[in-house]
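User: Please take a close look at a single part of this model, and explain it slowly enough for someone in a first year of study. I would like to see how that part is placed and what surrounds it, and then how it fits into the whole.

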Amino acid sequence: MRIRTPKKNKSDLLKTYLESQTDLTTNINKALFNRFFDIIEKNISNHITVELRNFGVFKPKFMSSRFGSDPRNKKKIFIPSKWKVTFKVSENINKKLNEKT
């Protein structure tokens, strides 16, 4: 049986962040929040590994070209090379995720 978990997107995270931060104006906090994600995105797009201590590691990985098969008709198809991003969660978050409540 599959367990459905709640989902939050970037705007939900921004709302939570803005509710918890009252020392700066809303516009400044929004700019900081968006700038943080922009910096991570820029580094990953430049193929640079981003490590956030006690959170995890975003690592760009090159996938070389290969041949695969189309599941509908079993014909061989060429899959071109591409970059993808892997994420490895930190031990702290993994422990929190799997601890019994």
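Analyst: A residue is called buried when its relative accessible area is under 20%, exposed when it is over 50%, and partly exposed in between (1.4 Å probe, protein chains only). This is a predicted model, in which local features need pLDDT of at least 70 and side-chain atom pairs count only at pLDDT 80 or more, while totals for chains, interfaces and linings use all residues. Residues are numbered from 1 along each chain as its sequence is written, and side-chain values use heavy atoms, with hydrogens and water left out.

The part to examine is S90, which belongs to the loop that joins strand β5 (82-89) to helix α3 (91-98); helices (H or I, at least four residues) and strands (E, at least two) are DSSP runs numbered from the N terminus. S90 counts as buried because its relative accessible area is 13%. Once its neighbours within four places in sequence are set aside, S90 is in contact (heavy atoms within 4.5 Å) with N54, F55 and G56. With N54 there is also a polar pairing to notice, since a polar atom of the S90 side chain lies 3.4 Å from the backbone oxygen of N54.

Just before N54 in the numbering comes R53, whose side chain meets that of E51 in a salt bridge with an N to O distance of 3.2 Å; the term stands for a side-chain nitrogen of Lys or Arg within 4 Å of a carboxyl oxygen of Asp or Glu. The two partners fall into separate classes of accessibility: R53 is exposed because its relative accessible area is 70%, whereas E51, at 47%, counts as partly exposed.

The structure holds two salt bridges, and the other pair is made by the side chains of D70 and R72, at 3.5 Å from N to O. D70 offers a useful parallel to S90, for D70 also sits in a loop, in this case between β3 (66-69) and β4 (76-79), and D70 is likewise buried, with a relative accessible area of 13%. Its partner R72, however, counts as exposed at 77% relative accessibility. Apart from neighbours within four places in sequence, D70 is in contact with K75 and I77.

For a residue placed in a helix rather than a loop, one may turn to L32, which lies in helix α2 (residues 26-45) and counts as partly exposed because its relative accessibility is 46%.

Stepping back to the whole, the protein has three helices and five strands, which follow one another along the sequence in the pattern α-α-β-β-β-β-β-α. Its C-alpha trace spans about 60 × 40 × 25 Å along the principal axes. Of the 101 residues, 11% count as buried, and S90 is one that meets the condition, with its 13%. Among the contacts with a separation of 6 or more, 31% come from residues 24 or more positions apart, and the contacts of S90 with N54, F55 and G56 give a concrete picture of residues that meet across the sequence.

Key. Polar contact = N/O pair within 3.5 Å; in protein donor to acceptor, adjacent residues only side chain to side chain.
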